[in-house]
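Colleague: I'm new to this one and would like to learn how to read it. Could you walk me through it?

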Amino acid sequence: MQQEFDNVTFLVGSKDILMQMEHIPVLPIFSDKVREFLAILSDELLHDKQAKQFGDIMAYAFWIRGAAIEKVYTKYVSETHRIGRGIAFQIAPSNIPVQFAISMTYAIISGNISVVRVSRKNFRQVDIICEVIKRVLTEKCTQLKPYICVLRYDHDESVTKWLSSICDIRMIWGGDNTISMIRQISIQPRCIELGFADRYSLAVINADDYLKSDFKVVAKDFYNDTYYTDQNACSSTRLIIWIGNQIEKAQKIFWDNLACEVNIKYKLSEICGSEKLLKTAICAAKHPEIREIRQNNAIVRIELPQLYDDTMDFKGNCGYFFEYATSNLESIVSLLKKDCQTVTFLGETLEDDIHKLVDLYGVRGVDRIVPLGHSIDLSFVWDGYDLPITLSRVVGNA
Amino acid sequence: MTFEEILAISPYSLEKNEKYRLLTSRLTELTRLHRQNCPEYARILTSIGYNSDEILDYKQIPFLPVRLFKELSLRSVPKEDVVKTMTSSGTTGQAVSHIYLDKYTSSNQQKTMVKIVSEFIGSSRVPMIILDCPSVVKNRIMFSARGAGILGFSIFGSNKIYALDDSMKLNVEKISEFLEKYRGQKILLFGFTFMVWQHFYKELLRLKQDGITFDLSEGILIHGGGWKKLVNEAVSQGEFYSKLNEVCGIRKIHDYYGMVEQTGCIYMQCECGHLHASIFSDVITRRPIDFSECEVGEKGIIQVVSTIPESYPGHSLLTEDEGIILGEDDCACGRKGKYFKVVGRIENAEIRGCSDTYAAKFN
């Protein structure tokens with residue numbers, strides 16, 4: 001089959017590189033070549049004038065800097081005879097600009113050949129990172145050139161079909177609709193597929209421990225967990241569970257401090273107020289016992305007298321929070337369903353407590369339990385996958 | 001205060017204080033009525049801690065986002081009393097609003113419309129050209145915004161023709177005959193802004209090149225539906241008027257602002273180019289950050305209140321339009337009440353995050 005690429009823009013790589021990919025040898029996980037490439041890429045990005053203007057590019061560059069990768073590598077050193085699976089075809093999400101680079105990093109660190117399709121939306125971050133990748137591949141890491149393509153194309157299903165027919169791993173980052181649409185396109189029998197779908201996250205705060213903390217720091221941390229991504233990332237906290245004795249006191253201080261942070265830093269888009277009004281109205285029509293607390297439209301809180309099974313159907317963004325106070329942590333088990341990704345915590349014993357709940361009840365959700373403020377930290381373990389392991393294969397012996 | 005009492009008052013005759021008293025009385029009464037008869041509405045009020053004793057002014061009455069009518073079925077009358085269901089014009093794949101009307105609310109919508117429009121075109125019926133195609137009003141049970149607009153305005157026509165056939169082609173012969181028959185008389189033309197431009201103006205322009213012209217110097221054009229679709233054509237309001245005038249001599253053109261969710265209470269554009277609120281309704285512009293009321297001259301999100309709706313809780317709504325109040329009681333046209341302009345839809349800002357449901361909802 002002769003595939004046409006007339007409508008494909010290559011941000012990194014070329015048609016020739018793409019056509020050759022099936023014949024390129026895979027690499028061991030954490031190969032020298034890839035580690036070197038990431039270290040140089042990190043360095044170049046951290047010193048790039050344009051890149052410096054974007055916090056998300058800096059966070060990515062920091063994550064892949066040499067020392068950081070070496071540290072992660074130590075965890076995998078014992079994994080001998082582990083090599084890439086082949087071509088990793090990845091579809092990047094349309095709303096998180098740097099996700100394509102993160103995904104590519106997962107693919108190549110695991111020894112694969114990486115093809116990423118980026119969104120049609122023109123993000124500056126995508127262009128900047130791709131320029132630097134191209135430079136590094138041309139000047140310093142020429143050996144990796146055959147391993148990386150970043151493409152953009154319009155409604156051309158034939159390209160997706162062709163890439164799906166040759167890939168060994170397909171990774172789809174996006175909403176549930178995107179994933180199910182792409183799922184209709186078949187892949188090879190042995191190809192593995194990972195769908196990084198829409199998820200929700202929540203926070204558990206022990207009011208008494210909170211009252212002993214630095215309120216301003218917590219406000220900043222919580223801001224990063226939520227407003228920094230318009231509270232619309234999978235890892236964004238949508239619901240806060242309060243436990244402990246002095247909940248009311250803690251809530252007042254918590255929200256007042258957050259309001260200071262939000263009023264200074266957050267630019268609320270104009271539609272948000274009515275979006276939130278709509279969410280509350282729809283939720284209230286079904287669950288009349290809820291109470292809305294609205295200081296202004298940037299922070300809208302919904303007090304829940306109980307946790308409804310469908311609570312998350314009403315989740316909002318850009319500063320729309322459910323709150324639930326309880327003396328019994330076990331009551332949150334109903335929320336730890338498949339769609340639940342991250343649980344952030346603030347409280348001395350909470351990390352253990354939540355882990356115990358997950359184990360005891362065998363819940364289907366919760367892929368991460370991290371301290372409050374760390375929900376968007378980048379990691380090689382994501383959505384329950386240890387990616388260097390999942391994306392590679394082991395050549396076994398007796 | 002009953003609606004009949006309001007109907008007895010001339011639409012643009014009340015000064016600020018009198019109008020506020022009227023609105024506060026009628027709208028608090030409607031709030032009470034809907035709270036009693038529409039369970040969902042009652043629940044929504046409870047969730048935001050509504051206390052009727054605290055309401056001293058109609059501006060304090062809670063507003064529902066217009067989009068709520070796309071999400072929920074909101075009725076304040078028994079199902080069997082519903083005589084008409086109006087739907088919003090949603091594009092394919094989008095949810096549409098459902099507005100339930102009983103006989104009383106439906107008839108009050110029409111009466112209100114007559115009172116308002118008569119102030120601009122006089123109270124006697126006139127020959128009318130509808131700048132649309134007949135098929136748009138075929139389904140009388142489910143009314144689209146376009147269909148409802150046409151039927152609403154049709155009461156002003158003594159003899160009516162549709163200017164377009166169902167394939168959207170201008171019926172030149174029929175129009176020529178009609179204009180010949182009513183030569184020298186006042187003629188009403190009605191259509192949606194985009195349709196007027198696309199299928200009427202452009203066709204007239206083409207015909208003019210072929211030497212075929214129409215004389216509409218005695219015509220009054222009323223058009224509505226917003227300017228959104230014309231943005232692509234890069235046509236300003238001024239240009240719209242001057243080009244139409246050039247091509248057929250029409251001099252009287254009135255835009256209007258209105259929505260299916262508050263049919264009847266339309267905001268007509270006066271001779272000075274301003275949209276006017278009648279005594280039947282009002283506009284309040286609000287700041288996006290906290291919904292506080294904007295000053296005169298300050299751009300904000302438009303809230304509309306209407307004294308009509310009794311069969312559905314739509315008497316106080318937050319639109320997704322932005323507008324500016326230009327003044328009150330002192331427009332040079334002599335009409336009392338607020339006058340304002342609509343700036344456009346609230347910008348749907350791109351938000352970050354992994355969820356793609358938000359974008360899907362708007363596309």
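Colleague: How many residues do chain B and chain A each bring to their contact?

Modeller: A word on the ground rules. This is a predicted model, where local features need pLDDT of at least 70, side-chain atom pairs count only at pLDDT 80 or more, and totals for chains, interfaces and linings use all residues. Residues are numbered from 1 along each chain as its sequence is written, while chains are lettered from A and ligands numbered from 1 in the order in which they are written. Two residues are in contact if their C-beta atoms, placed from the backbone, lie within 7 Å. Here 32 residues come from chain B and 37 residues from chain A.

Colleague: Which element gives the most to the side of chain B that touches chain A?

Modeller: Elements are DSSP runs numbered from the N terminus: helices are H or I with at least four residues, strands are E with at least two. H3(B) gives the most to that side of chain B, five residues.

Colleague: What is the strand order in the open sheet of chain A?

Modeller: Two strands pair if DSSP finds at least two bridges between them. In chain A, seven strands form an open sheet with mixed pairing, ordered S10-S11-S12-S9-S8-S13-S14. Its edge strands are S10 (291–296) and S14 (368–371) of chain A, each pairing on one side only. S13(A), residues 340–346, runs parallel to S14(A), and four bridges join them. Thr342(A) stands opposite Arg368(A) in S14(A).

Colleague: Which strands does helix H13 of chain A lie across?

Modeller: For angles, axes are lines fitted to C-alpha atoms, for helices over the stretch in contact, and angles run from 0 to 180 degrees between N-to-C directions. H13 (residues 350–361) of chain A lies across S8 (200–206), S13 and S14 of chain A, at about 150° to S13(A).

Colleague: At what angle do helices H10 and H11 of chain A cross?

Modeller: Angles under 35 degrees count as roughly parallel, over 145 as roughly antiparallel, 65 to 115 as roughly perpendicular and the rest as oblique. The axes of H10 (residues 215–225) and H11 (residues 247–265) of chain A come within 9 Å and cross at roughly 60°. That makes H10(A) oblique to H11(A). Among the residues making this contact are Phe215(A) and Phe222(A) of H10(A) and Ile253(A) and Leu258(A) of H11(A).

Colleague: How far apart are the centres of domain 1 and domain 2 of chain A?

Modeller: Domain bounds come from an automatic or database domain assignment. For chain A, that gives domain 1 (8–198 + 383–394) and domain 2 (200–371). Their centres, taken over C-alpha atoms, are 32 Å apart. The contact takes four residues from domain 1 and four residues from domain 2 of chain A.
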